[in-house]
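Student: I'm new to this structure and would like a close look at a single part of it. Could you pick one spot and walk me outward from there?

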Amino acid sequence: MLTPGAALGDGEAPERGWGELNPLATSTREMGPGTRRDTLDYHFGDYNWRKIVRLGDSLLKKLKTATSDVAEHVIAHQELEATIHPEKLCSWAGAMTAWELDPANNPNPYEVVVKTPTQAAVRRQMAEDEEKALASGVDVSLSDEVSPCSLIAMGIDLEGEQRSLKTLTQSLWDHSQDRQITRVKLRSNALTRKLEEWFSLLQLYIPTSVTLRKREPQKKVAPKPFEVKLWMPSQIGKLISFDRSLAEIEYKLRNAQAHEALGILRRNLQIRATLYDVKDRWLRGQGANTRALNALATVQARIAAARDEYRQARTALLALADLLGYANVDKEFLPLQDKDIRSMVEPEPGLGETRRTLSWIWRRVNAADATEEETQEFVTETIRVEWGKSRARAQRFQEEIELVQEEMNCTLRFFVWKADDWRRKGVAFQDKSTSPEHLEGLKAYAERQAVLCQSLHDAFKHQWEGVPSLVKSARDEMDRPELFYQRKQKEFERKNKKVNQVFVSDSTPESSSTISIPLD
């Protein structure tokens with residue numbers, strides 16, 4: 001849909017042919033190679049012939065669909081552009097045209113490109129600062145292998161492994177296979193060894209963390225690896241004293257972590273919305289729906305992982321903000337409730353389209369250092385992407401009208417050429433030593449094929465006589481939107497009238513016949 005010149009396309013066209021010929025598998029698998037090839041060729045030829053003689057209906061149906069819907073998309077795009085500043089429209093259109101001409105060397109205009117902090121960028125910045133400190137002779141590391149930045153980053157990575165292991169453990173049930181149970185046990189053992197290494201390093205930088213671990217209530221059953229508390233600076237808080245720089249490092253990394261989690265959440269919510277739309281509109285049959293459900297389950301698992309990561313990062317940020325004295329962090333990082341986790345087109349549960357509001361995850365950047373300008377930039381980028389998609393839909397429908405008309409013209413010209421070609425073949429053997437009877441038979445067969453092509457040409461030409469009026473009506477509706485709204489109103493009234501007629505006919509009592517019973 002986003003490729004210029006592609007029109008609406010028909011990606012299922014090859015699959016229709018395969019679906020038509022799938023039943024041949026059981027019939028031809030017992031045949032020899034030659035017979036099997038001939039049988040398939042016969043069916044291919046029959047399918048192609050049926051497709052040719054039905055071009056009149058199929059092309060006309062495509063044109064009617066395009067002319068009926070093109071005005072709606074063009075008018076919607078015009079109404080959207082009316083709300084956008086002309087300078088932005090000019091800039092967006094230039095970027096869109098540049099990408100369409102050279103997509104390899106220009107940024108994709110259908111992606112949000114607001115620069116946001118990432119964990120990788122923050123870790124790189126911290127590593128560069130540490131390099132500068134070492135060059136100036138300052139080394140605050142207590143271990144030759146792990147610096148303070150690496151320690152906090154290691155703890156955040158361990159939290160991610162704990163969440164992953166918890167999800168994997170919860171997927172086990174009474175009848176899980178040995179292979180699945182073994183995989184969970186191996187990951188659990190590996191995480192246990194990593195936790196032992198973590199606490200030995202944590203003891204170097206926060207010696208009093210040993211006291212906190214001893215204060216934990218002892219349980220009869222040892223906690224599972226994903227239940228072990230790591231005692232990060234955000235979890236320690238004001239319980240004991242430790243180096244403030246560790247809390248500042250964690251705050252920067254948590255800031256990027258929360259922002260990354262929201263970005264992953266947004267992307268997968270849009271993917272889920274697209275998968276639901278494709279499944280409802282196009283997929284039929286048990287196999288296709290099963291594959292779609294598996295894909296949805298994978299996307300839903302990513303959404304759940306991003307949700308848990310954001311919530312854990314937000315909890316840590318609030319604790320660190322209280323420890324470090326940062327203000328308004330709770331206003332920057334809003335609580336992520338289940339009702340907030342929805343795509344841009346999904347309404348809040350329990351509300352209809354009339355009262356639908358956009359979830360806050362789409363309205364603001366929500367980084368702790370995000371300014372009002374950055375938040376507005378994110379909203380502008382979101383509108384730009386939606387504008388680009390609206391523009392693409394309007395252009396593809398208009399291209400479909402032009403493309404189908406050209407297909408119709410090509411079809412008519414093909415039949416004229418084919419009829420002349422058959423007539424040339426009918427007289428091609430006159431100069432050769434061929435019997436008059438044979439020549440007469442060849443000429444009769446060629447004339448029959450030529451007449452068949454000519455009759456198809458005449459039938460299609462007659463069937464497509466109303467095409468210019470359809471195209472003109474569509475263009476008039478694009479130029480004058482009131483004509484489009486009038487047509488939609490008439491269709492709505494006609495539909496309601498038909499429903500009312502059906503309701504009245506169903507509610508009318510049937511006339512009962514009188515039966516006289518003689519009395520004895």
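Tutor: Happy to! One term first: a residue is called buried when its relative accessible area is under 20%. Please keep in mind that this is a predicted model.

Let's begin at Ser147. This residue sits in the loop between α6 (119–135) and α7 (148–170). Is Ser147 buried or exposed? Its relative accessibility is 6%, so Ser147 counts as buried. What does the side chain of Ser147 reach? It makes a polar contact with the side chain of Glu130, at 3.2 Å. If we set aside neighbours within four places in sequence, Ser147 is in contact with Glu130, Ser141 and Tyr205.

Tyr205 is a good signpost for our next step, since we meet it again where α7 and α8 touch. The axes of these two helices come within 10 Å and cross at roughly 155 degrees. That angle is over 145 degrees, which means α7 counts as roughly antiparallel to α8. The crossing of α7 and α8 is left-handed. On the α7 side, the residues making the contact include Pro148, Leu151, Leu158 and Leu165. On the α8 side, they include Leu191, Trp198, Leu202 and Tyr205.

Trp198 now leads us into the interior. The largest nonpolar core has 57 residues, and Trp198 is among those with the most contacts inside it, along with Ile206, Leu253, Leu265, Tyr310 and Ile361. Which elements give two or more residues to this core? They are α6, α7, α8 (178–205), α11 (244–282), α12 (286–324) and α14 (360–363). The largest share, 11 residues, comes from α11.

Leu253 shows how that core joins up with the region where we started. Not counting residues up to four places away in sequence, Leu253 touches Gln119, Val122, Arg123, Met126, Ile152, Ala153 and Ile156. A second, separate core has 28 residues, including Ala394, Phe415, Ala419 and Met478.

Finally, let's step back to the whole chain. Its secondary structure comes to 18 helices and zero strands. Of its 520 residues, 32% count as buried, and Ser147 is one of the buried residues. Among contacts between residues at least 6 apart in sequence, 77% join residues at least 24 apart.

How values were computed
Residues are numbered from 1 along each chain as its sequence is written. This is a predicted model: local features need pLDDT of at least 70, side-chain atom pairs count only at pLDDT 80 or more; totals for chains, interfaces and linings use all residues. Side-chain values use heavy atoms; hydrogens and water are left out. Helices (H or I, at least four residues) and strands (E, at least two) are DSSP runs, numbered from the N terminus. Buried means under 20% relative accessible area, exposed over 50%, partly exposed in between (1.4 Å probe, protein chains only). A polar contact is a pair of N or O atoms within 3.5 Å; within protein, one must be able to donate a hydrogen and the other to accept it, and residues adjacent in sequence count only if both atoms are side-chain atoms. Contact means heavy atoms within 4.5 Å. A nonpolar core is a set of buried Ala, Val, Leu, Ile, Met, Phe, Trp, Tyr and Cys residues joined through side-chain atoms within 4.5 Å. Axes are lines fitted to C-alpha atoms, for helices over the stretch in contact, and angles run from 0 to 180 degrees between N-to-C directions. Angles under 35 degrees count as roughly parallel, over 145 as roughly antiparallel, 65 to 115 as roughly perpendicular and the rest as oblique. A crossing is left-handed if the near helix is turned anticlockwise from the far one by less than a right angle, and right-handed if clockwise.
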